[in-house]
Amino acid sequence: MQIRTFPSRSSLLFMVALLASAPVHLKAQAAPSAQTATDRPWMNPKLPAEQRAEMVLKQMTLDEKLSLLHGNGMPGVPQWSMPLTALANGGAGYVQGVPRLGIPPLIMSDAAYGVRGSGANGRYSTAMPSNLGAASSWDTKSACAYGTVIGQELRAQGFDMTLGGGVDLVRDPRNGRTFEYTGEDPLLAGTMDGAMMRCEQGQHVVGDIKHYVMNDQETGRFFVNAIISKKAMQESDLLAFHIAIDLANPSAVMCAYNRINGAYACQNSYTLHDVLKQQWGFKGFVDSDWGATHSTVASSDAGLDQEQPMADYFGPRLKAAIASGKVPMSAIDDHDRRVLFGEFVSGIVDDPPQKSVVDVQKGFDTAQHVEEESIVLLRNQDNVLPIDPSRVHSIALIGGHADVGMISGGGSAQVDPPGGNAILPPGQGATRWQEHIWFPTSPLKALRAALPQTKITFDPGTDLASAEALAKQSDVAIVFASQWESEGMDLPDLMLPHGQNDLIERVAAANPHTIVVLESGSAVMMPWIDKVDAVVEAWFPGSAGHKALANVLVGKVNPSGKLPITFPKSDDQLPHATIPKPPAMPRGNPLGTPITGPMSYTVHYTEGPEVGYKWFEAQHKEPLFPFGYGLSYTTYKYAGLTVDSASKTARFTVTNTGNRAGTEIAEVYAQLPHGMEESDYKRLVGWKRITLQPGESQTVTVPIDTRTLKTYNTAQTAWDFAPGAYAVYVGGSSASTPLTATLMIH
Ligand code: BGC
């Protein structure tokens, strides 16, 4: 006879209370494994994600299926409020799970360079350097560390899906989101973004790569129609996404607001169905940018899987479309299969997030390391840098709020600084949309700590005469200049705003040893370049930017970053002298209600695949600083290039010819055979970071990535790899390639 013992009521209550207070992951694992094996065979982590998704799908009701295909509002945006909005954990969105079947909800947060919204939620998160900044390291290990920290901090706050990973090519450096992207070259941008997202998703959060595709400007972003040929798009912006997606295998791809050759990005069957899903075989799901869904049937047909953040089109209307036969059940199953696959493959089913205190120190260390690798030394006349305290006894530190902090990028990428905006009195609470935010990372304090014997005096730079007077009496003057950027705006031009050029001119006239530190999200034009001794590009430098910067300025760290974008001399060097403005502002509120018109607003990307340095080369224009450029406190010599056409590798030797250890990023480019269309510029095909002691030489072999050498054949829907002689170039920047050899393709 079987004896059953029942727990007493009080012990039952105790168990219930215990379970309720247990960490999320314990609750998820509470089901006994024997039962799981029979009742929920998909919970077996050894099975492939596809198989697990298929098994769950078979168990789901129609309403459960529909619940995975739309959001439930966005906290803090009244127009985007739904009954379950509060479950978004203070993040950007929430998708119901299927608790009955062990499928967790998607709890999403923006996290471009760190977890967003911490201020409003009383939490802390690390700001890594901007994505573009980090791309200047050309270091995939660094990108991985970057993604790992963000993934861990998302989980610690209870999120299981990131909205990060911007990889739109920097076609126009005035794009206000340039700092969120990883540069102008498809191989570099795709590789750096892919490495970051691979490691972020590796922490068991659903990874999302955005904004697919051609979201290359913010002006009129909700309706601008990007016109570009399929061939040009395949060889540029799509290639960057493909490389990133291949590397990261993200669970999700976010379609963009804009239109592409007529159709909205979230109902564009060419980019979503034909390219992403068919040609690339992407198995995850497509979620719309916030408010970027414009239809039910057309979007479902084109390949949108999940509407965000509302259920305007993929809620009751989708159900009605199924009932009327306008959307087949097979399409719904496909959408759901993809969401489920994304949940399994990212690991959030087996290892849901567990709220915890983030490892603040690890965040600081990583942010500092990434920034130290990302700072780009653009000019260094007479070796004014690194600062030598035996010769420099006084420094004037001028402008840019450098006494209290360093600036950060805004919009949905904004990470909230601990203690609030450093340039405002404490206690002002969470950051507000498009407020200019300084982190409490004081270069003044960091430099004083690094140079204890040197007199360092700060002047805010608001009174030119006072700045000039201080510069005059100091051995060296350092001007801090910033160019703030954000989602939802483009820069009118690449000039430093707020009279900062005048300040630099005045200081440079007063002190022959003037150094300019730039905190910018994109390229900066420098009419004063010949008048200053040094320029250091620190980007938006993140939570430990001041320490990294001080280490570079005093030479504890030898700069090694190289530009991931071209710095033009003037706006008229760019393919478009200005960003075209919409003829009239559309009706509708971008945050919540659908946009209507003007549908005639187009941007013609006539430069095609000639993005950034390719454009400058093809047009024979000389930029201010070329792609791939960056100085060091030592010098390098390149020699002995051989190319092995069979293995498609380049082999060469780099020697450190100076007297300091350093890391050189050696760049390999190749050019299509003479006579071919698009043979008038070279393309990045590989690179290697090489650390060398003074006098040391290293011979390295760099694989030639042929993805950037193939040309897209639209008629055949295929890539051609033309036979012929490809010139291979090796050197320290796109404009300085002392070594050449030939790659033969038969
Ligand atoms: C942005 C996305 C962001 C989303 C959610 C949109 O406006 O374009 O990048 O992930 O909002 O905040």
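Biologist: How far is an oxygen atom of the ligand from an N or O atom in the side chain of His211?
Modeller: This is a predicted model: local features need pLDDT (the predictor's confidence in each residue, from 0 to 100) of at least 70, side-chain atom pairs need 80 or more, and totals for chains, interfaces and linings use all residues. Numbering runs from 1 along each chain as its sequence is written; side-chain values use heavy atoms, without hydrogens or water. For the ligand oxygen and the His211 side chain, the distance is 2.7 Å.

Biologist: What is the distance from an oxygen atom of the ligand to an N or O atom in the side chain of Arg221?
Modeller: Two arginines enter here. The Arg177 side chain has an N or O atom 2.8 Å from a ligand oxygen. For Arg221, the value is 3.4 Å.

Biologist: What share of the ligand's exposed area does the protein bury?
Modeller: Areas come from the Shrake-Rupley method with a 1.4 Å probe. Taken alone, the ligand exposes 310 Å². The protein buries 96%.

Biologist: How many charged residues are in the shell around the ligand?
Modeller: The ligand has 14 residues around it, with a heavy atom within 4 Å. Asp110, Arg177, His211, Tyr257 and Asp289 come nearest. By class, five are nonpolar and two polar. Charged (Asp, Glu, Lys and Arg) residues number seven.

Biologist: Over which residues does pLDDT stay under 50?
Modeller: The protein chain has a mean pLDDT of 93. Of its residues, 93% reach 70 or more. The stretch under 50 is residues 1-32.

Biologist: How much space lies in the largest cavity?
Modeller: A cavity is a set of points on a 1 Å grid over the protein atoms alone, where a 1.4 Å probe fits but cannot get out. The structure holds six of 30 Å³ or more. The volume, filled by probe spheres set on the points, is in the largest cavity about 90 Å³.

Key:
A polar contact is a pair of N or O atoms within 3.5 Å; within protein, one must be able to donate a hydrogen and the other to accept it, and residues adjacent in sequence count only if both atoms are side-chain atoms. Contact means heavy atoms within 4.5 Å. On a 1 Å grid over the protein atoms alone, a cavity is a set of points where a 1.4 Å probe fits but cannot get out, and a pocket is an open set with protein on both sides within 12 Å along at least five of seven lines; lining residues have an atom within 4 Å of a point.
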